[in-house]
Amino acid sequence: MAELVGPRLYSCCNCRNHVSLHDDIISKAFQGKNGRAFLFSHAMNIIVGAKENRHLRTGLHTVADICCADCREVLGWKYERAYDVSQKYKEGKFILEKSKIVKENW
C-alpha cells in the first residue's frame, strides 16, 4: 500500500510551526541579514510587523519584518514596496532566511 505524502513544507527552526510550502519558492538566490535566503510567493502562520524603508542590495524598499506566529522568531521580511521598476516583482513577496527555517515532510 502506498504511503500518503503531503506537501513539502518549511517550518520555523525554533518551534516547527509551518511557515511556507516548497512549491511557493520563487528564487533561492537571495541574501538575508544572516546569509542565504529564499524568496517565497506566500507565507503562513506569520506575523507581519511595521513597515519601514530599508536600503537593500537592490535599492530602496519598504519592508516589514515577519516572525513566527507561535514563538515570535524573526524569520525574514515581506516586501511591501519596491521603488525601482526592475524590482517591482518582489512586492507582496516574502524573504525567509535559510538559517531560520527547516525542511519538513521531505
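Is Asn45 buried, exposed or partly exposed, and at what relative accessibility? Asn45 counts as partly exposed, at 39% relative accessibility. The legends below describe close-up views of a predicted model.

**View 1. Asn45 sits in the loop between E4 and E5.** Its phi is near 55 degrees. That is a positive value in a residue other than glycine. The relative accessibility of Asn45 is 39%, so the residue falls in the partly exposed class.

**View 2. Arg16 is another non-glycine residue with a positive phi.** The angle is about 70 degrees. Arg16 is placed in the loop between E1 and strand E2 (18-21). Relative accessibility here is 46%, so Arg16 counts as partly exposed.

**View 3. Ser41 occupies the loop that runs from strand E4 (35-40) to strand E5 (46-56).** The side chains of Ser41 and His42 make a polar contact at 3.0 Å. Residues up to four places away in sequence are not counted in the contacts that follow. Ser41 touches Asp24 and Ile26. Ser41 also touches Gly92, Lys93 and Phe94.

**View 4. Tyr10 and Phe38 form an edge-to-face aromatic pair.** The ring centres lie 6.0 Å apart. The planes meet at 70 degrees. Tyr10 belongs to strand E1 (residues 9-12) and Phe38 to strand E4, so the pair ties together parts that are 28 residues apart in sequence. Both Tyr10 and Phe38 are buried. A search of the whole structure finds four aromatic pairs.

**View 5. Phe38 also pairs with Phe40, in a tilted arrangement.** The centre-to-centre distance is 6.3 Å, with 50 degrees between the planes. Why does Phe38 count as buried? Its relative accessible area is 5%, and the cut-off for buried is under 20%. Phe40 has a relative accessible area of 0%, so Phe40 is buried as well. Tyr10, Phe38 and Phe40 form one aromatic cluster. The charged end of Lys28 sits over the ring of Phe38. The distance from that charged end to the ring centre is 5.7 Å.

**View 6. Phe40 is one of the residues that touch the most other members of the largest nonpolar core.** This core holds 13 residues. Leu75, Leu96 and Ile101 share that standing with Phe40. Elements giving two or more residues to the core are E1, E4, strand E6 (59-68) and strand E8 (94-97). Sequence neighbours within four places are left aside in the contacts of Phe40. Its contacts include Tyr10, Ser20, Leu21, Asp24, Ile25 and Ile26. Lys93, Phe94, Leu96 and Ile101 are also in contact with Phe40.

**View 7. A second, separate core contains seven residues.** Among them are Phe30, Ala37, Val63 and Ile95.

**View 8. Residues 8-105 are covered by the UniProt annotation "domain: Yippee".** The annotation comes from an unreviewed entry. The C-alpha atoms at the ends of this span lie 5 Å apart. Strand makes up 61% of residues 8-105, and helix 0%.

Key:
Residues are numbered from 1 along each chain as its sequence is written. This is a predicted model: local features need pLDDT of at least 70, side-chain atom pairs count only at pLDDT 80 or more; totals for chains, interfaces and linings use all residues. Side-chain values use heavy atoms; hydrogens and water are left out. UniProt positions are given in the numbering used here, feature names are shortened, and annotations may be inferred rather than shown by experiment. Helices (H or I, at least four residues) and strands (E, at least two) are DSSP runs, numbered from the N terminus. A polar contact is a pair of N or O atoms within 3.5 Å; within protein, one must be able to donate a hydrogen and the other to accept it, and residues adjacent in sequence count only if both atoms are side-chain atoms. Contact means heavy atoms within 4.5 Å. Rings of Phe, Tyr and Trp (its six-membered ring) pair if their centres lie within 6.5 Å; planes under 30 degrees apart count as stacked, over 60 as edge-to-face and the rest as tilted. Buried means under 20% relative accessible area, exposed over 50%, partly exposed in between (1.4 Å probe, protein chains only). A charge sits over a ring if NZ of Lys or CZ of Arg is within 6 Å of the ring centre and within 35 degrees of the ring normal. A nonpolar core is a set of buried Ala, Val, Leu, Ile, Met, Phe, Trp, Tyr and Cys residues joined through side-chain atoms within 4.5 Å.
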